[in-house]
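Please open the structure in your viewer and keep the selection tool at hand, since this tour moves from one selection to the next and describes what is found at each stop.

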Amino acid sequence: MIRAYRPGDLDALYDICLDTGDGGRGARHLFEDPRLMGHAYVGPYVAFEPDLVFVAEDDEGVCGYALATADTEAFEDRCDRDWWPDLRVRYPLTPDPNRIVRQIHAPARVDSMLIKDYPAHVHANLLPRAKGQGFGGTLVRTVLERLEKGVHVHVRHHNTHAIGFWEHLGFRVIDSADKLVLGLRL
């Protein structure tokens with residue numbers, strides 16, 4: 001079943017983020033702190049945009065999520081002001097920080113040309129047990145129904161399964177520099 005996010009789902013979403021991180025291959029082995037990845041990719045969305053967070057739930061519990069922000073630029077500003085500062089104290093820069101710690105200290109900003117046509121962005125992740133059952137598409141469509149303008153998503157080049165998923169939903173490649181950026185006009 002697909003339903004709106006509830007605060008009791010937070011730990012499950014953090015776990016899903018970690019278990020699907022690293023381009024869909026799972027990232028638990030990459031981080032000493034299993035909450036770090038969730039702090040970067042889930043936490044600010046549930047804190048600032050809870051109405052745009054939806055979960056898939058099966059008999060075993062929460063097995064996937066889709067989350068978004070309608071205004072990427074404003075979301076990034078709010079994270080700079082209200083989310084990253086505490087995490088920068090908790091995760092100080094070291095001589096050789098991992099990519100998440102680097103992102104916390106120097107978050108990338110969305111390209112201003114991209115947000116003209118695609119101001120929203122979305123993330124979606126499913127545990128392996130939930131794939132192939134229609135959860136992913138239903139989750140994303142549920143979020144898209146609440147957005148008014150174009151939306152974009154970032155995907156790592158090697159995550160061919162995710163690229164195919166987004167293209168199946170109508171997203172098209174709009175940039176392919178560092179990460180693949182796919183967009184959908186609403």
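Begin by selecting N159, which is buried, because its relative accessible area is 14% and burial here means a value under 20%. This residue sits in the loop between β5 and α8 (160-168), and, once its neighbours within four places in sequence are left aside, N159 is in contact with G23 and G24. Bear in mind throughout that the model is a predicted one; the mean pLDDT of the protein chain is 93, and 100% of its residues reach 70 or more. If you colour by this value, β6 has the lowest mean pLDDT among the elements of the chain (90), while α3 has the highest (98).

For a contrast with the opening stop, select A106, in the loop between α5 (99-105) and α6 (112-117). Is A106 buried or exposed? A106 is exposed, with a relative accessible area of 55%. Now add W84 to the selection: the two residues are 22 places apart along the chain, and their C-alpha atoms are separated by 9.3 Å.

Next, show the strands as ribbons and look for an open sheet of 7 strands with mixed pairing, whose order is β1-β2-β3-β4-β5-β7-β6. At its edges stand β1 (2-4) and β6 (172-175), and each of them has a single partner strand, so one side of each is left without a neighbour in the sheet. On average, and with direction ignored, neighbouring strands of this sheet are turned by 35° against each other. In general, the strands of a sheet pair through backbone hydrogen bonds, either parallel or antiparallel. An antiparallel case can be found where β6 pairs with β7 (residues 180-184) over 3 bridges, and if you select R172 you can look for its bridge partner in β7, which is G183.

Two helices are worth adding to this view. Helix α7 (residues 135-144) packs on the sheet and touches β1, β2, β3, β4, β5 (151-155) and β7, and its direction makes about 155° with that of β2. Helix α1 (residues 10-20) lies across β2 (53-58), β3 (61-69) and β4 (120-126), and runs at about 85° to β3.

Turn now to the aromatic side chains, among which the structure holds 5 pairs. Select F48 and F75, whose ring centres are 6.4 Å apart and whose planes meet at 70°, so the pair is edge-to-face. F48 belongs to helix α3 (residues 43-48) and F75 to helix α4 (residues 72-90), so that the pair links parts of the chain that are 27 residues apart. Both of these residues are buried, and if you add Y45 and W83 to the selection you will see a cluster in which ring pairs link these two with F48 and F75.

For the last stop, display the nonpolar side chains. In soluble globular proteins, such side chains tend to be buried together. The largest nonpolar core of this model has 58 residues, and those with the most contacts inside it are L13, W166 and F171; among the elements, β3 gives the most to this core, with 6 residues. Which residues is F171 in contact with, leaving aside its neighbours within four places in sequence? Its contacts are V122, L144, V151, V153, W166, L182, G183 and L184. Finally, look for a second, separate core of 5 residues, which includes V110, L114, Y118 and V181.

Key: Residues are numbered from 1 along each chain as its sequence is written. This is a predicted model: local features need pLDDT of at least 70, side-chain atom pairs count only at pLDDT 80 or more; totals for chains, interfaces and linings use all residues. Side-chain values use heavy atoms; hydrogens and water are left out. Two strands pair if DSSP finds at least two bridges between them. Helices (H or I, at least four residues) and strands (E, at least two) are DSSP runs, numbered from the N terminus. Axes are lines fitted to C-alpha atoms, for helices over the stretch in contact, and angles run from 0 to 180 degrees between N-to-C directions. Contact means heavy atoms within 4.5 Å. Rings of Phe, Tyr and Trp (its six-membered ring) pair if their centres lie within 6.5 Å; planes under 30 degrees apart count as stacked, over 60 as edge-to-face and the rest as tilted. Buried means under 20% relative accessible area, exposed over 50%, partly exposed in between (1.4 Å probe, protein chains only). A nonpolar core is a set of buried Ala, Val, Leu, Ile, Met, Phe, Trp, Tyr and Cys residues joined through side-chain atoms within 4.5 Å. pLDDT is the predictor's confidence in each residue, from 0 to 100.
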